[in-house]
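This report goes through one protein model from a single residue outward to the chain as a whole. The structure is shown first.

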Amino acid sequence: MKVKMSLFAAIILSIMLIFLVGCALPGLNIISETSTSPPPAVSPATSSTMPINPSFTAPTLSGGISTSTFPDFADLIASVKPSVVAINTTISGISIFGSIYTQKGAGSGWIIDQSGLIVTNNHVVAGATTISITLEDGRNFSAETIRADSVTDLAVVKINADNLPPPLKVGDSSKLRVGNWVIAIGNSLGEGISATKGIVSALGVSVSTDQGETLYDLIQTDAAINPGNSGGPLINMAGEVIGINSIKVAQVGVEGMGYAISTRTAIPIINELITVGYVSRPWLGVGLYTVDQTAVRQLRLAVNKGVLITSIVNGGPAYQAGLRQYDVITKIDGKEVATIDDLVKTIRSYKVGQAVEITYWRGNKEYTAKVTLGQAPTSS
(Lines give C-alpha, C1' and ligand atoms only; values in the text may rest on other atoms or scores of the structure.)
Protein backbone atom coordinates (compact mmCIF):
# COMPACT_ATOMS: atom_id res chain seq x y z
CA MET A 1 0.00 0.00 0.00
CA LYS A 2 2.86 2.29 0.88
CA VAL A 3 4.47 1.50 -2.47
CA LYS A 4 1.26 2.27 -4.31
CA MET A 5 0.90 5.58 -2.41
CA SER A 6 4.52 6.53 -3.16
CA LEU A 7 3.99 5.68 -6.81
CA PHE A 8 0.83 7.75 -6.88
CA ALA A 9 2.64 10.74 -5.26
CA ALA A 10 5.43 10.45 -7.81
CA ILE A 11 2.94 10.50 -10.69
CA ILE A 12 1.23 13.60 -9.25
CA LEU A 13 4.59 15.36 -8.77
CA SER A 14 5.59 14.60 -12.37
CA ILE A 15 2.34 16.06 -13.71
CA MET A 16 2.91 19.30 -11.65
CA LEU A 17 6.46 19.69 -12.97
CA ILE A 18 5.28 19.25 -16.57
CA PHE A 19 2.62 21.92 -15.97
CA LEU A 20 5.08 24.42 -14.45
CA VAL A 21 7.63 23.95 -17.21
CA GLY A 22 5.12 24.26 -19.99
CA CYS A 23 3.32 27.32 -18.68
CA ALA A 24 4.83 30.73 -17.90
CA LEU A 25 3.79 32.31 -14.64
CA PRO A 26 1.52 35.22 -15.35
CA GLY A 27 3.17 38.66 -15.22
CA LEU A 28 6.77 37.36 -15.19
CA ASN A 29 9.29 37.38 -18.03
CA ILE A 30 11.98 34.94 -16.94
CA ILE A 31 15.20 34.92 -18.97
CA SER A 32 18.06 32.58 -18.16
CA GLU A 33 21.61 33.98 -17.99
CA THR A 34 22.57 31.19 -20.40
CA SER A 35 19.73 31.87 -22.81
CA THR A 36 20.83 32.65 -26.36
CA SER A 37 17.53 34.23 -27.28
CA PRO A 38 17.86 38.04 -27.80
CA PRO A 39 15.59 40.41 -25.87
CA PRO A 40 12.58 41.78 -27.69
CA ALA A 41 13.58 44.39 -30.26
CA VAL A 42 12.49 48.03 -29.87
CA SER A 43 10.15 49.11 -32.58
CA PRO A 44 11.99 51.25 -35.12
CA ALA A 45 11.04 54.93 -35.53
CA THR A 46 8.31 55.55 -37.99
CA SER A 47 9.05 57.22 -41.29
CA SER A 48 7.41 60.42 -39.97
CA THR A 49 10.13 60.92 -37.29
CA MET A 50 12.59 63.46 -38.71
CA PRO A 51 15.84 64.83 -37.25
CA ILE A 52 15.81 68.35 -35.80
CA ASN A 53 19.06 69.39 -37.46
CA PRO A 54 21.18 66.75 -39.28
CA SER A 55 24.21 69.09 -39.42
CA PHE A 56 24.25 69.82 -35.68
CA THR A 57 27.55 69.21 -33.87
CA ALA A 58 27.46 68.89 -30.09
CA PRO A 59 29.73 71.37 -28.26
CA THR A 60 32.95 69.99 -26.86
CA LEU A 61 33.40 69.99 -23.11
CA SER A 62 35.61 72.82 -21.88
CA GLY A 63 38.36 72.50 -19.33
CA GLY A 64 36.46 74.59 -16.75
CA ILE A 65 37.34 77.96 -15.21
CA SER A 66 40.63 78.47 -13.49
CA THR A 67 40.25 79.68 -9.90
CA SER A 68 42.91 82.28 -10.66
CA THR A 69 40.32 84.25 -12.64
CA PHE A 70 38.36 85.04 -9.46
CA PRO A 71 39.32 88.21 -7.58
CA ASP A 72 41.08 88.16 -4.23
CA PHE A 73 38.89 90.18 -1.88
CA ALA A 74 41.12 90.03 1.19
CA ASP A 75 43.41 93.01 0.48
CA LEU A 76 40.49 95.09 -0.79
CA ILE A 77 38.41 94.49 2.35
CA ALA A 78 41.42 95.14 4.58
CA SER A 79 41.98 98.54 2.95
CA VAL A 80 38.34 99.62 3.30
CA LYS A 81 37.26 98.10 6.61
CA PRO A 82 38.95 100.66 8.96
CA SER A 83 36.76 103.43 7.49
CA VAL A 84 33.52 101.54 8.12
CA VAL A 85 31.90 102.10 11.52
CA ALA A 86 29.39 100.28 13.67
CA ILE A 87 26.42 102.33 14.85
CA ASN A 88 24.47 101.29 17.94
CA THR A 89 21.39 103.18 19.05
CA THR A 90 18.84 103.25 21.83
CA ILE A 91 15.28 104.45 21.53
CA SER A 92 13.28 105.24 24.65
CA GLY A 93 9.50 105.31 24.82
CA ILE A 94 6.49 104.86 27.03
CA SER A 95 4.46 101.66 26.82
CA ILE A 96 0.66 101.53 26.81
CA PHE A 97 0.90 100.73 30.52
CA GLY A 98 2.84 103.93 31.22
CA SER A 99 6.22 102.29 31.84
CA ILE A 100 9.41 103.54 30.19
CA TYR A 101 11.16 101.09 27.88
CA THR A 102 14.43 101.15 25.94
CA GLN A 103 14.89 99.53 22.56
CA LYS A 104 18.31 98.87 21.05
CA GLY A 105 19.18 99.07 17.38
CA ALA A 106 22.23 98.51 15.19
CA GLY A 107 23.40 99.87 11.88
CA SER A 108 26.48 100.88 9.93
CA GLY A 109 28.14 103.94 8.49
CA TRP A 110 31.26 105.03 6.67
CA ILE A 111 33.64 107.96 6.94
CA ILE A 112 33.21 110.47 4.14
CA ASP A 113 35.42 113.17 5.68
CA GLN A 114 38.19 113.01 8.30
CA SER A 115 36.61 115.90 10.19
CA GLY A 116 34.23 113.31 11.64
CA LEU A 117 31.45 113.17 9.04
CA ILE A 118 29.83 109.75 8.71
CA VAL A 119 27.20 108.66 6.18
CA THR A 120 24.42 106.25 7.18
CA ASN A 121 20.71 105.63 6.62
CA ASN A 122 17.98 107.79 8.09
CA HIS A 123 16.16 104.75 9.45
CA VAL A 124 19.28 103.78 11.43
CA VAL A 125 19.26 107.00 13.50
CA ALA A 126 15.64 108.18 13.27
CA GLY A 127 14.10 108.66 16.72
CA ALA A 128 17.22 107.51 18.55
CA THR A 129 17.89 108.95 22.00
CA THR A 130 21.55 107.85 21.92
CA ILE A 131 23.80 107.13 18.94
CA SER A 132 27.15 105.44 19.55
CA ILE A 133 29.81 105.19 16.85
CA THR A 134 32.45 102.45 17.17
CA LEU A 135 35.61 102.43 15.07
CA GLU A 136 37.58 99.34 14.09
CA ASP A 137 40.28 100.29 16.63
CA GLY A 138 37.68 100.06 19.41
CA ARG A 139 37.20 103.78 20.06
CA ASN A 140 33.64 104.90 20.80
CA PHE A 141 32.08 108.29 20.13
CA SER A 142 28.65 109.82 20.53
CA ALA A 143 27.02 111.53 17.56
CA GLU A 144 27.01 115.29 18.14
CA THR A 145 25.12 116.43 15.04
CA ILE A 146 22.55 114.63 12.93
CA ARG A 147 21.16 115.74 9.59
CA ALA A 148 18.75 113.39 7.82
CA ASP A 149 16.36 113.08 4.92
CA SER A 150 13.56 110.52 5.26
CA VAL A 151 12.56 110.76 1.60
CA THR A 152 15.84 109.26 0.40
CA ASP A 153 16.62 107.40 3.68
CA LEU A 154 19.99 109.12 4.02
CA ALA A 155 21.65 110.74 7.03
CA VAL A 156 24.94 112.29 8.06
CA VAL A 157 26.21 112.24 11.66
CA LYS A 158 29.13 114.23 13.07
CA ILE A 159 31.50 112.98 15.75
CA ASN A 160 34.29 114.87 17.51
CA ALA A 161 37.32 112.67 16.88
CA ASP A 162 40.98 112.97 15.94
CA ASN A 163 43.17 110.63 13.92
CA LEU A 164 40.32 109.04 12.05
CA PRO A 165 40.99 106.54 9.26
CA PRO A 166 41.02 108.06 5.78
CA PRO A 167 37.63 108.69 4.14
CA LEU A 168 36.43 106.17 1.59
CA LYS A 169 36.65 107.08 -2.07
CA VAL A 170 33.34 107.48 -3.87
CA GLY A 171 32.83 105.84 -7.26
CA ASP A 172 30.44 106.61 -10.10
CA SER A 173 27.51 104.19 -9.84
CA SER A 174 26.37 105.13 -13.34
CA LYS A 175 29.30 103.11 -14.70
CA LEU A 176 28.14 99.88 -13.06
CA ARG A 177 27.05 96.92 -15.14
CA VAL A 178 24.93 93.96 -14.16
CA GLY A 179 27.36 91.21 -13.18
CA ASN A 180 30.05 93.47 -11.65
CA TRP A 181 31.52 92.18 -8.39
CA VAL A 182 30.56 94.16 -5.26
CA ILE A 183 31.23 93.86 -1.52
CA ALA A 184 28.81 94.87 1.25
CA ILE A 185 30.54 95.85 4.49
CA GLY A 186 28.77 96.63 7.75
CA ASN A 187 27.75 95.87 11.30
CA SER A 188 25.73 92.78 10.42
CA LEU A 189 23.34 91.73 13.22
CA GLY A 190 25.14 94.19 15.50
CA GLU A 191 28.05 91.74 15.82
CA GLY A 192 30.78 94.01 14.46
CA ILE A 193 32.06 94.81 10.99
CA SER A 194 31.99 91.97 8.47
CA ALA A 195 31.91 91.64 4.70
CA THR A 196 29.86 89.75 2.13
CA LYS A 197 30.39 89.51 -1.61
CA GLY A 198 28.10 89.28 -4.60
CA ILE A 199 27.36 90.81 -7.95
CA VAL A 200 25.21 93.63 -9.24
CA SER A 201 21.91 91.91 -10.04
CA ALA A 202 19.96 94.88 -11.44
CA LEU A 203 20.22 98.65 -11.78
CA GLY A 204 17.76 101.55 -11.56
CA VAL A 205 15.35 99.66 -9.30
CA SER A 206 12.53 101.38 -7.37
CA VAL A 207 11.33 99.92 -4.06
CA SER A 208 8.63 101.08 -1.63
CA THR A 209 9.63 101.13 2.04
CA ASP A 210 7.66 100.41 5.20
CA GLN A 211 7.64 104.15 5.87
CA GLY A 212 5.56 104.79 2.76
CA GLU A 213 8.40 106.31 0.73
CA THR A 214 9.68 105.05 -2.61
CA LEU A 215 13.43 104.81 -3.09
CA TYR A 216 14.62 105.29 -6.66
CA ASP A 217 17.72 104.36 -8.66
CA LEU A 218 18.65 101.48 -6.34
CA ILE A 219 21.34 98.90 -7.00
CA GLN A 220 20.10 95.35 -6.50
CA THR A 221 22.70 92.86 -5.33
CA ASP A 222 22.86 89.28 -4.14
CA ALA A 223 25.57 90.20 -1.61
CA ALA A 224 24.00 89.40 1.76
CA ILE A 225 22.56 92.54 3.39
CA ASN A 226 21.36 91.67 6.87
CA PRO A 227 19.91 93.73 9.73
CA GLY A 228 22.73 95.98 10.92
CA ASN A 229 24.22 96.40 7.42
CA SER A 230 22.01 99.43 6.74
CA GLY A 231 24.08 102.54 6.11
CA GLY A 232 27.26 100.65 5.30
CA PRO A 233 29.04 100.95 1.95
CA LEU A 234 28.63 98.81 -1.13
CA ILE A 235 32.13 98.68 -2.61
CA ASN A 236 33.32 98.04 -6.16
CA MET A 237 36.55 96.24 -7.03
CA ALA A 238 38.47 99.54 -6.99
CA GLY A 239 37.60 99.99 -3.31
CA GLU A 240 35.16 102.80 -4.06
CA VAL A 241 31.74 103.32 -2.53
CA ILE A 242 29.16 102.94 -5.27
CA GLY A 243 26.11 102.49 -3.03
CA ILE A 244 24.78 102.81 0.52
CA ASN A 245 23.25 99.55 1.73
CA SER A 246 19.66 100.23 2.70
CA ILE A 247 17.05 97.48 2.50
CA LYS A 248 16.47 93.85 1.61
CA VAL A 249 13.43 91.81 0.66
CA ALA A 250 12.63 89.68 3.72
CA GLN A 251 9.99 87.22 2.57
CA VAL A 252 9.71 83.46 2.78
CA GLY A 253 11.22 81.95 -0.34
CA VAL A 254 13.09 85.13 -1.35
CA GLU A 255 16.89 85.18 -1.21
CA GLY A 256 19.63 87.40 -2.57
CA MET A 257 17.60 90.57 -3.07
CA GLY A 258 19.31 93.40 -1.23
CA TYR A 259 19.33 97.05 -2.30
CA ALA A 260 21.74 99.95 -2.03
CA ILE A 261 21.14 103.64 -2.77
CA SER A 262 23.34 104.55 -5.73
CA THR A 263 26.00 107.22 -5.28
CA ARG A 264 24.54 109.02 -8.28
CA THR A 265 21.42 109.64 -6.18
CA ALA A 266 23.04 109.80 -2.74
CA ILE A 267 25.96 112.20 -3.13
CA PRO A 268 23.91 115.33 -4.05
CA ILE A 269 21.63 114.62 -1.04
CA ILE A 270 24.60 114.07 1.29
CA ASN A 271 26.19 117.28 0.04
CA GLU A 272 23.04 119.28 0.84
CA LEU A 273 22.70 117.72 4.28
CA ILE A 274 26.27 118.76 5.07
CA THR A 275 26.36 122.20 3.43
CA VAL A 276 22.76 123.34 3.96
CA GLY A 277 21.39 121.11 6.71
CA TYR A 278 18.35 119.95 4.79
CA VAL A 279 17.40 118.85 1.28
CA SER A 280 15.78 121.35 -1.03
CA ARG A 281 13.58 119.59 -3.56
CA PRO A 282 10.92 120.85 -5.99
CA TRP A 283 7.27 120.36 -5.13
CA LEU A 284 3.90 120.43 -6.90
CA GLY A 285 1.74 120.09 -3.81
CA VAL A 286 -0.45 117.22 -4.99
CA GLY A 287 -1.41 113.66 -4.05
CA LEU A 288 -1.04 111.22 -6.91
CA TYR A 289 -2.32 107.90 -8.26
CA THR A 290 -1.19 106.03 -11.37
CA VAL A 291 -4.16 105.77 -13.74
CA ASP A 292 -5.46 102.22 -14.16
CA GLN A 293 -8.64 100.65 -15.50
CA THR A 294 -10.35 100.96 -12.12
CA ALA A 295 -9.79 104.72 -12.06
CA VAL A 296 -10.86 105.03 -15.71
CA ARG A 297 -14.08 103.15 -15.02
CA GLN A 298 -15.04 104.76 -11.72
CA LEU A 299 -14.14 108.33 -12.66
CA ARG A 300 -15.02 107.98 -16.36
CA LEU A 301 -11.65 109.35 -17.40
CA ALA A 302 -11.03 110.30 -21.02
CA VAL A 303 -7.49 108.89 -20.96
CA ASN A 304 -6.28 105.47 -19.88
CA LYS A 305 -2.78 106.41 -18.78
CA GLY A 306 -1.21 109.23 -16.84
CA VAL A 307 -1.12 110.38 -13.21
CA LEU A 308 -4.35 111.26 -11.43
CA ILE A 309 -4.38 114.12 -8.91
CA THR A 310 -6.16 112.65 -5.88
CA SER A 311 -5.63 115.64 -3.59
CA ILE A 312 -4.19 119.12 -3.90
CA VAL A 313 -2.76 121.58 -1.39
CA ASN A 314 -4.69 124.83 -1.34
CA GLY A 315 -2.30 127.59 -2.33
CA GLY A 316 0.35 125.11 -3.48
CA PRO A 317 2.17 125.42 -6.84
CA ALA A 318 -0.26 123.18 -8.78
CA TYR A 319 -3.33 124.83 -7.23
CA GLN A 320 -2.06 128.31 -8.09
CA ALA A 321 -1.52 127.19 -11.70
CA GLY A 322 -5.17 126.10 -11.96
CA LEU A 323 -4.91 122.31 -11.55
CA ARG A 324 -7.58 120.60 -9.48
CA GLN A 325 -8.47 117.24 -7.95
CA TYR A 326 -9.16 114.46 -10.52
CA ASP A 327 -7.17 116.17 -13.28
CA VAL A 328 -4.91 113.68 -15.07
CA ILE A 329 -1.32 114.79 -15.78
CA THR A 330 0.02 113.22 -18.97
CA LYS A 331 3.10 115.31 -19.85
CA ILE A 332 5.70 117.57 -18.24
CA ASP A 333 7.49 119.88 -20.67
CA GLY A 334 6.33 117.60 -23.47
CA LYS A 335 7.70 114.44 -21.82
CA GLU A 336 5.09 111.75 -21.24
CA VAL A 337 4.50 110.63 -17.66
CA ALA A 338 2.56 107.38 -17.31
CA THR A 339 3.21 106.55 -13.65
CA ILE A 340 3.86 108.23 -10.32
CA ASP A 341 7.51 107.17 -10.60
CA ASP A 342 7.76 108.91 -13.97
CA LEU A 343 6.31 112.12 -12.57
CA VAL A 344 8.35 112.16 -9.35
CA LYS A 345 11.65 111.48 -11.10
CA THR A 346 10.89 114.13 -13.73
CA ILE A 347 9.97 116.79 -11.18
CA ARG A 348 13.06 116.02 -9.08
CA SER A 349 15.24 116.70 -12.12
CA TYR A 350 14.28 120.39 -11.85
CA LYS A 351 15.14 123.00 -9.23
CA VAL A 352 12.94 124.94 -6.86
CA GLY A 353 11.63 128.07 -8.60
CA GLN A 354 11.80 126.64 -12.11
CA ALA A 355 8.67 126.79 -14.27
CA VAL A 356 7.44 123.66 -16.05
CA GLU A 357 4.64 123.16 -18.56
CA ILE A 358 2.17 120.54 -17.43
CA THR A 359 -0.24 118.91 -19.87
CA TYR A 360 -3.35 117.51 -18.22
CA TRP A 361 -6.88 116.31 -18.93
CA ARG A 362 -10.01 117.54 -17.23
CA GLY A 363 -13.10 115.72 -18.40
CA ASN A 364 -12.86 115.31 -22.16
CA LYS A 365 -10.53 118.24 -22.77
CA GLU A 366 -6.76 118.62 -22.72
CA TYR A 367 -5.15 121.68 -21.12
CA THR A 368 -1.67 123.03 -20.37
CA ALA A 369 -0.52 125.08 -17.42
CA LYS A 370 2.73 126.74 -16.35
CA VAL A 371 3.63 125.68 -12.83
CA THR A 372 6.41 127.30 -10.82
CA LEU A 373 7.82 124.58 -8.63
CA GLY A 374 7.81 125.29 -4.93
CA GLN A 375 9.97 124.13 -2.04
CA ALA A 376 8.91 120.78 -0.62
CA PRO A 377 8.38 120.69 3.13
CA THR A 378 11.60 119.55 4.80
CA SER A 379 11.76 116.03 6.17
CA SER A 380 13.94 114.45 8.80
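Beyond its neighbours up to four places away in sequence, serine 188 touches Ser194, Asn226, Pro227, Gly228 and Asn229. Serine 188 belongs to the loop between β8 and β9 (194–208). Is serine 188 buried or exposed? Its relative accessibility is 12%, and buried means under 20%, so serine 188 counts as buried. The model is a predicted one, and the values below are computed from it.

**Nonpolar cores**

The largest nonpolar core has 30 residues. Leu168, Ile185, Leu218 and Ile235 are the residues with the most contacts inside this core. Its largest share, four residues, comes from helix α4, which spans residues 263–275. A second, separate core holds 18 residues, including Ile309, Leu323, Tyr350 and Val371.

Which residues does isoleucine 235 contact once neighbours within four places in sequence are left aside? Isoleucine 235 is in contact with Val80, Leu168, Trp181, Val182, Ile183, Ile185, Glu240, Val241 and Ile242. Leu168 and Ile185 thus appear both in this list and among the residues with the most contacts inside the largest core.

**Aromatic rings**

How many aromatic pairs does the structure hold? There are two, and their geometry is tabulated here.

| Pair | Centre to centre | Angle between planes | Class |
|---|---|---|---|
| Phenylalanine 73 and tryptophan 181 | 5.5 Å | 70 degrees | edge-to-face |
| Tyrosine 360 and tyrosine 367 | 5.6 Å | 20 degrees | stacked |

The pair of phenylalanine 73 and tryptophan 181 links distant parts of the chain, 108 residues apart. Phenylalanine 73 is in the loop between α1 (2–22) and α2 (74–80), while tryptophan 181 is in strand β8 (residues 181–186). Phenylalanine 73 has 13% relative accessibility and therefore counts as buried. Tryptophan 181 has a relative accessible area of 27%, so this residue is partly exposed.

The other pair also joins a buried residue to a partly exposed one: tyrosine 360 is at 5% relative accessibility and counts as buried, whereas tyrosine 367 has a relative accessible area of 32% and is partly exposed. The planes of the two tyrosine rings lie at 20 degrees, and planes under 30 degrees apart count as stacked, so tyrosine 360 and tyrosine 367 form a stacked pair.

Tyrosine 367 has a charged partner as well: the charged end of arginine 362 sits over the ring of tyrosine 367, 6.0 Å from its centre. Another arginine, arginine 324, lies over the face of tyrosine 319 at 3.8 Å from the ring centre.

**The chain as a whole**

The protein chain contains seven helices and 21 strands. Of its 380 residues, 36% count as buried. Among contacts in the protein chain with a separation of 6 or more, 58% are between residues 24 or more positions apart. The chain exposes about 22500 Å², and carbon and sulfur atoms supply 56% of that area.

**Confidence**

The average pLDDT of the protein chain is 85, and 82% of the residues score at least 70. Where does pLDDT stay under 50? One such stretch is residues 1–5, and another is residues 17–36. The model has zero contacts beyond four places in sequence for residues 1–5, and likewise zero for residues 17–36.

Methods:
Residues numbered from 1 in each chain as written. Predicted model: local features only at pLDDT ≥ 70, side-chain atom pairs only at ≥ 80, totals over all residues. Heavy atoms only, no water. Core = buried A, V, L, I, M, F, W, Y, C linked by side-chain atoms within 4.5 Å. Buried < 20%, exposed > 50% of the residue type's maximum accessible area, 1.4 Å probe, protein only. Helix = DSSP H or I, 4+ residues; strand = E, 2+ residues; numbered from the N terminus. Contact = heavy atoms within 4.5 Å. Phe/Tyr/Trp six-rings, centres within 6.5 Å; stacked < 30°, edge-to-face > 60°. Lys NZ or Arg CZ within 6 Å of the ring centre and 35° of its normal. Areas by Shrake-Rupley, 256 points an atom, 1.4 Å probe, with all protein chains shown as cover. pLDDT = per-residue confidence, 0-100.
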